[in-house]
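Here are my notes on the complex, written as numbered points. Keep the viewer open while you read.

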Amino acid sequence: MNGLPTSLVRETISCEEFQEKLPELFESGRPLDSEEHLKTCKQCAALVSDLQYIAVQAKLLLPLHDPSPAVWEKIEAKLNE
Amino acid sequence: MSAGQPPASEQPAIKAKPNNQHLRRNPPIAGEAEAIAAAQSGDPRAFETLYALHKRRVYSLCLRMLSNVAEAEDLTQEAFLQLYRKISTFRGDSAFSTWLHRLAVNVVLMHLRKKGLPQVSLEETLEPSQDDGPRKDIGARDLTLSGSIDRVTLERAVENLPPGYRLVFVLHDVEGYEHNEIAEMLDCSIGNSKSQLHKARMKLRDLLRTGQRKEVA
C-alpha cells in the first residue's frame, strides 16, 4: 500500500468519491495527473484544473494599497493620550 | 495601558513548519527582530517601524474582509493598537507576521460579529449544506476557467465569498500561510482549515463560472 486510503487506490471510483478525497489529494502536494479517475472523467478533470488555476491566480492578488497616512496619525494620537 | 497575559485564544501560534521556506510569501524581514525587541522595551520609533513593515498586509487583510476603505482603516488602527498593548507577550514561538495576523483576524471577526453578518465563524461555515457537497454535475464540458480570469474579476469573486470562506482563502492562497498557522490564528483544527479552503475554492469556481456564463449570454 502507498499509505493512501483504500478508496484512492481502487481503479474506478465515482465522482462523489473522488471529490470527497479532493482536499486531501490537493494537500498531498503530489501531481494529480496520475489519478485514474481523471483519465476517464472530463468533468472532474475540469474541476481539478479550475481549482488549481484559482489557487495559482490567487497569488497575483497581493499586494493591495497602503492605508492612508491618517491611520498612523490616529494611532500615534491614541498612543500619546 | 496594560499588557497582561492574553487569553488562550490570543497565545502565540506554534512554530511554523520549517520546510518550503523558499516558497513562503511571509519570510523573515530584515530589521524586524531588532524592531520587535526595541518595541517590547517601549521604543516608540521601533513600533513605528513595525507599523511601516506590516501596515500593508494588515490593511489588505482588513480591506479584503470588509470591502470598505473606512472600515478597513479603522480596523487596521485597532489591530495596531492591540499590537502595541500586547507586543510584550510576543515570545517568538511563531513568525511575528503570523502572530500579528492573528491579532488582526480577531479584530476583523469581532467587527463582523458586531455587524451581525452571516457565516462569520468557522463553525458556522463548517455546517454541511447541499451547496458544499460533491458535485455530480460539475459544469459545462467545454467551459473551464483556465486563462480567462483576470485579477479584477478574481478580486470581485473573492469579495462575494462568505466571510468564513474568504478569510481562509485569503490567508492561505493569497497570503501564503500554512494550514497549521491558519489553524492557530483561527483557533480551529488543521482539518477544518483545509476543508474551509476547499469549500472556498469550490465556491469561487461557481462564482467565476456564473460570471463567465453571464458574459457569454
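1. Start with the first helix pair in chain B of this predicted model. Helix 1 of chain B (residues 32-40) and helix 2 of chain B (residues 44-66) have axes that come within 8 Å and cross at roughly 135°. An angle over 145 would have counted as roughly antiparallel, and this pair is therefore oblique. As for hand, the crossing of helix 1 of chain B and helix 2 of chain B is left-handed.

2. Which residues make that contact between helix 1 of chain B and helix 2 of chain B? From helix 1 of chain B come E32(B), A35(B), I36(B), A38(B) and A39(B), and they meet A46(B), F47(B), T49(B), L50(B) and L53(B) of helix 2 of chain B. Sorted by class, the residues of this contact are 8 nonpolar, 1 polar and 1 charged.

3. A second pair to look at is helix 4 of chain B (residues 96-115) with helix 8 of chain B (residues 179-186): their axes come within 9 Å and cross at roughly 40°. That angle makes helix 4 of chain B oblique to helix 8 of chain B, as the roughly parallel class takes angles under 35 degrees. Here the crossing is right-handed.

4. The contact in this second pair sets T98(B), H101(B), R102(B) and V105(B) of helix 4 of chain B against E181(B), E184(B), M185(B) and L186(B) of helix 8 of chain B. The class count for helix 4 of chain B with helix 8 of chain B is 3 nonpolar, 2 polar and 3 charged. Set that beside the 8 nonpolar, 1 polar and 1 charged of helix 1 of chain B with helix 2 of chain B.

5. Now helix 7 of chain B. How many of the residues of helix 7 (residues 163-174) of chain B are buried? The count is 12 of 12, so the helix is mostly covered on the program's wording, with 20 or more other C-beta atoms within 10 Å needed for a residue to be buried. The buried set includes nonpolar side chains such as L167(B), V168(B), F169(B) and V170(B), and R166(B), H172(B) and D173(B) are in it too. After helix 7 of chain B comes G176(B), which has a positive phi, near 85°.

6. On to the interface. Chain A puts 34 residues into the contact and chain B puts in 36. On the side of chain A that touches chain B, helix 2 (15-28), helix 4 (42-58) and helix 5 (69-79) of chain A each supply at least two residues. Helix 4 of chain A gives the most, with 13 residues. By class, that side of chain A has 21 nonpolar, 5 polar and 8 charged residues.

7. One residue on the chain B side deserves a click: R151(B), which is found in helix 6 of chain B (residues 151-159). Is R151(B) buried or exposed? It has 11 C-beta neighbours inside 10 Å and therefore counts as exposed. Leaving out residues up to four places away in sequence, R151(B) touches L60(A) and L61(A).

8. For the overall make-up, chain B has 9 helices and 0 strands, and chain A has 5 helices and 0 strands. Buried residues come to 39% of the 217 residues in chain B and to 21% of the 81 residues in chain A. Within chain B, 74% of the contacts with a separation of 6 or more join residues 24 or more positions apart.

9. Last, confidence. The complex has an ipTM of 0.77 and a pTM of 0.76 from the predictor. The mean pLDDT of chain B is 79, with 72% of its residues at 70 or more. Among the elements of chain B, helix 3 (residues 69-86) has the highest mean pLDDT, 96, and helix 5 (residues 122-126) the lowest, 46.

10. Two stretches of chain B need a caveat. Over residues 1-23 of chain B pLDDT stays under 50, and the model has 38 contacts beyond four places in sequence for them. Residues 136-142 of chain B also stay under 50, with 10 such contacts. Where pLDDT is low, the predicted coordinates should not be read in detail.

Notes
Residues numbered from 1 in each chain as written. Chains lettered and ligands numbered in written order. Predicted model: local features only at pLDDT ≥ 70, side-chain atom pairs only at ≥ 80, totals over all residues. Axes fitted to C-alpha atoms, helices over the stretch in contact; angles between N-to-C directions. Helix = DSSP H or I, 4+ residues; strand = E, 2+ residues; numbered from the N terminus. Parallel < 35°, antiparallel > 145°, perpendicular 65-115°, else oblique. Left-handed = near helix turned anticlockwise from the far one by under 90°. Contact = placed C-beta atoms within 7 Å. pLDDT = per-residue confidence, 0-100.
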